Amino acid sequence: LAYGQTGSGKTYTMKGSSDGKQPGVNTSAMADLFRESADRQTNKGYKYSIKVSVLEVYNNSINDIIESKNAGLKVDGKAKESGSFIKDLR
């Protein structure tokens, strides 16, 4: 979660540099997650299924960061399993 004023560096902190030399929080967290899950699969026989969604809330609009055409999404508070979800979030 990143929160703050426009231009304060939230996107850079989360995504990192565009050349990939300085990974952001998202990239670093995913690398750690996949490294740890691979180690546990190899050494302990665990099996994993990993799903990730990334969204942005900006000016009261929910936007899918993975699938850029999905903008203006809505929260559905009637989800039976999770309590709420965002329809069409990839």
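Is Asp88 buried or exposed? Asp88 is exposed, because its relative accessible area is 51% and the cut-off for exposed is over 50%. Keep in mind on this tour that the model is predicted.

**Stop 1: the whole chain**

Show the chain as a cartoon. Two helices and four strands make up its elements. Read from the N terminus, their order is α-α-β-β-β-β. The radius of gyration is 16 Å, well over the 12 Å that the globule rule gives for 90 residues, so the chain is more spread out than a compact globule. Turn the model along its principal axes: the C-alpha atoms fill a box of roughly 45 × 40 × 20 Å.

Now colour by accessibility. Of the 90 residues in the chain, 13% are buried. If you list the contacts with a separation of 6 or more, 16% of them come from residues 24 or more positions apart.

**Stop 2: the segment after β4**

Go back to Asp88 and select it. Asp88 belongs to the segment after β4, the strand of residues 85-86. Check the backbone angle here: the phi of Asp88 is near 70 degrees, which is a positive value in a residue other than glycine. Most residues other than glycine have a negative phi.

**Stop 3: the hairpin of β1 and β2**

Select residues 55-58, which are β1, and then residues 61-64, which are β2. The two strands pair in the antiparallel sense, over four bridges. To see the pairing residue by residue, start with Leu55, whose bridge partner in β2 is Asp64. Then look at Tyr58, which stands opposite Ser61 in β2.

Which residue of the hairpin takes a positive phi near 50 degrees? Select Asn59 to find that angle; the hairpin has two residues between its strands. Asn60 also sits in the loop between β1 and β2. Asn60 has a positive phi of about 60 degrees, although Asn60 is not a glycine. With a relative accessible area of 81%, Asn60 is exposed, because exposed means over 50%.

**Stop 4: Ser61**

Stay with strand β2 and select Ser61, which lies in it. Ser61 counts as partly exposed because its relative accessibility is 23%, and this class runs between the 20% limit for buried and the 50% limit for exposed. Next, show the contacts of Ser61, leaving aside its neighbours within four places in sequence: Glu56 and Gly72 remain. Add Leu73 to the selection as well. Leu73 and Ser61 are twelve residues apart along the chain, and their C-alpha atoms are separated by 7.0 Å.

**Stop 5: Phe34**

Move to helix α2, residues 25-44, and select Phe34 within it. Phe34 is partly exposed, with a relative accessible area of 45%. Draw a C-alpha to C-alpha distance from Phe34 to Tyr48. The viewer should give 9.7 Å for this pair, whose members are 14 residues apart in sequence.

**Stop 6: the largest pocket**

Rolling a probe the size of a water molecule over the atoms shows where empty space is left. Turn on a surface and look for the largest pocket. Its space comes to about 850 Å³. How many residues line the largest pocket? The lining has 24 residues, and those nearest the centre of the pocket are Ala2, Met14, Leu55, Glu56 and Ile65. Two of these names were met earlier: Leu55 as the bridge partner of Asp64, and Glu56 as a contact of Ser61.

Three elements give two or more residues each to the lining: α1 (10-15), α2 (25-44) and β1 (55-58). Colour the lining by residue class to finish. Twelve of the lining residues are nonpolar, nine are polar and three are charged.

How values were computed:
Residues numbered from 1 in each chain as written. Predicted model: local features only at pLDDT ≥ 70, side-chain atom pairs only at ≥ 80, totals over all residues. Heavy atoms only, no water. 1 Å grid on protein atoms, 1.4 Å probe; cavity = no way out; pocket = protein on both sides within 12 Å on 5 of 7 lines; lining within 4 Å. Points joined across faces, edges and corners; volume = space filled by probe spheres on them. Nonpolar A, V, L, I, M, F, W, Y, C, P; charged D, E, K, R; others polar. Pairing = 2+ DSSP bridges. Buried < 20%, exposed > 50% of the residue type's maximum accessible area, 1.4 Å probe, protein only. Rg over C-alpha atoms; globule rule 2.2 N^0.38 Å. Contact = heavy atoms within 4.5 Å.
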